Amino acid sequence: MYTQCPACLTTFKVTPAQLATRGGMVRCGICSAIFHAKQRLLQVSPKPGTEATTPPREETVAAKNTKRMRGGKNRRVSSRRRRTRIEPALTTNAEDAAIPTVTELERLVKPRSFWRSFFWSLGNLALLILLAGQILYFYHDELAADPSWRPVVREFCDHAGCELRPRQDIARIELLQTSIAPHPKYANALRIRAMLVNRATFAQAYPGMEISLTSNAGNVLARRSFAPAQYLEALASSALTPNVVATALLDVTNPDGKAVGYEIRLVTP
């Protein structure tokens, strides 16, 4: 729908929402005049190039006619034609503050091309896929810790060439038996043997082992951490098979021979 300002004769495009506000009263975005848009509706749309145009300034046409009147007297008659013009209704009333302002901005908005939107959407989708691939590649081990994500990450790593670490749940690894004895070759040294078994239903990586030697008072005299390659007698596989016992051999120093107790703690390597 189109309406025309009676003050400046500018044509605007209006919406039903603007007509419903304040009973159809609107404010001209060119001259700020307030008028009733419904009463100034146009039956047909304006021709291209005529929308939101302002008429030229009023011009004064002076017609000077010299007529010889009866009786020998000359009289100069000047007639001036004026175009009536409605002055802009400027108001600062609080009630008029809610009147919507119509402008010619809507006619400047060009409809977006379908193919342009399609290619933009396609490009955004490609960027999202690339971002998801980078996240899977650099954080595959962290994501694989979640059982629901592990099949997806494993399939991705099969194609991307990344190496997926075995699942690990240290709480499901059990120390079956441990023993400690003096080292057969070195003085002030101890040799600790331990047997590990994986109680989980899946193979998992070997844990790290932390050994602490304590005194009679319970004070820690020495502490050392061992990686799987340092305590396994023979690394048969890279993962701890479920319900298969693995033997660990650890050599630790006994400072001044004062250690009377020890503690083994399994940690993430």
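Strands 9, 10 and 15 form an open, antiparallel sheet in the order 9-10-15; strands here are DSSP runs of E with at least two residues, numbered from the N terminus, and two of them pair if DSSP finds at least two bridges between them. Strand 9 (173-182) and strand 15 (245-253) are the edges, each with a single partner strand, so one side of each is left without a neighbour in the sheet. On average, neighbouring strands of this sheet are turned by 20 degrees against each other, direction ignored; the axes behind such angles are lines fitted to C-alpha atoms, and angles run from 0 to 180 degrees between N-to-C directions. Strand 10 (residues 189-198) pairs with strand 15 over 9 antiparallel bridges, and Leu 196 has Ala 246 in strand 15 as its bridge partner.

Before going on, a word on the model and its conventions. It is a predicted model, in which local features need pLDDT of at least 70 and side-chain atom pairs count only at pLDDT 80 or more, while totals for chains, interfaces and linings use all residues. Residues are numbered from 1 along each chain as its sequence is written, and side-chain values use heavy atoms, with hydrogens and water left out.

Now look at another open sheet, with 3 strands in the order 13-12-16 and antiparallel pairing. Its edges are strand 13 and strand 16, each pairing on one side only, and the twist averages 15 degrees from one strand to the next. Strand 12 is joined to strand 16 (residues 261-267) by 7 bridges, with Thr 214 standing opposite Gly 261. Towards strand 13 (residues 220-226) there are 6 bridges, and Glu 210 has Ser 225 as its bridge partner there. Strands 12 and 13 make a hairpin with 5 residues between them, and Gly 218 in the turn has a positive phi of about 85 degrees.

How many residues of strand 12 (residues 208-214) are buried? The count is 7 of its 7 residues, where buried means under 20% relative accessible area, exposed over 50% and partly exposed in between, with a 1.4 Å probe and protein chains only. In a regular strand the side chains alternate between the two faces of the sheet. Here Gly 208, Glu 210, Ser 212 and Thr 214 point one way, and Met 209, Ile 211 and Leu 213 the other.

Follow Ser 212 on the first of these sides: its relative accessible area is 4%. The Ser 212 side chain makes a polar contact with that of Arg 223 at 3.0 Å (a pair of N or O atoms within 3.5 Å; within protein, one must be able to donate a hydrogen and the other to accept it, and residues adjacent in sequence count only if both atoms are side-chain atoms).

On the other side, Met 209 and Ile 211 belong to the largest nonpolar core, of 20 residues, where they, Tyr 231, Leu 250 and Val 252 touch the most other members. Such a core is a set of buried Ala, Val, Leu, Ile, Met, Phe, Trp, Tyr and Cys residues joined through side-chain atoms within 4.5 Å. Strands 10, 12, 15 and 16 each supply at least two residues of this core. Beyond four places in sequence, Leu 250 is in contact (heavy atoms within 4.5 Å) with residues including Leu 190, Ile 192, Met 209, Ile 211 and Tyr 231.

Methods. Helices (H or I, at least four residues) and strands (E, at least two) are DSSP runs, numbered from the N terminus.
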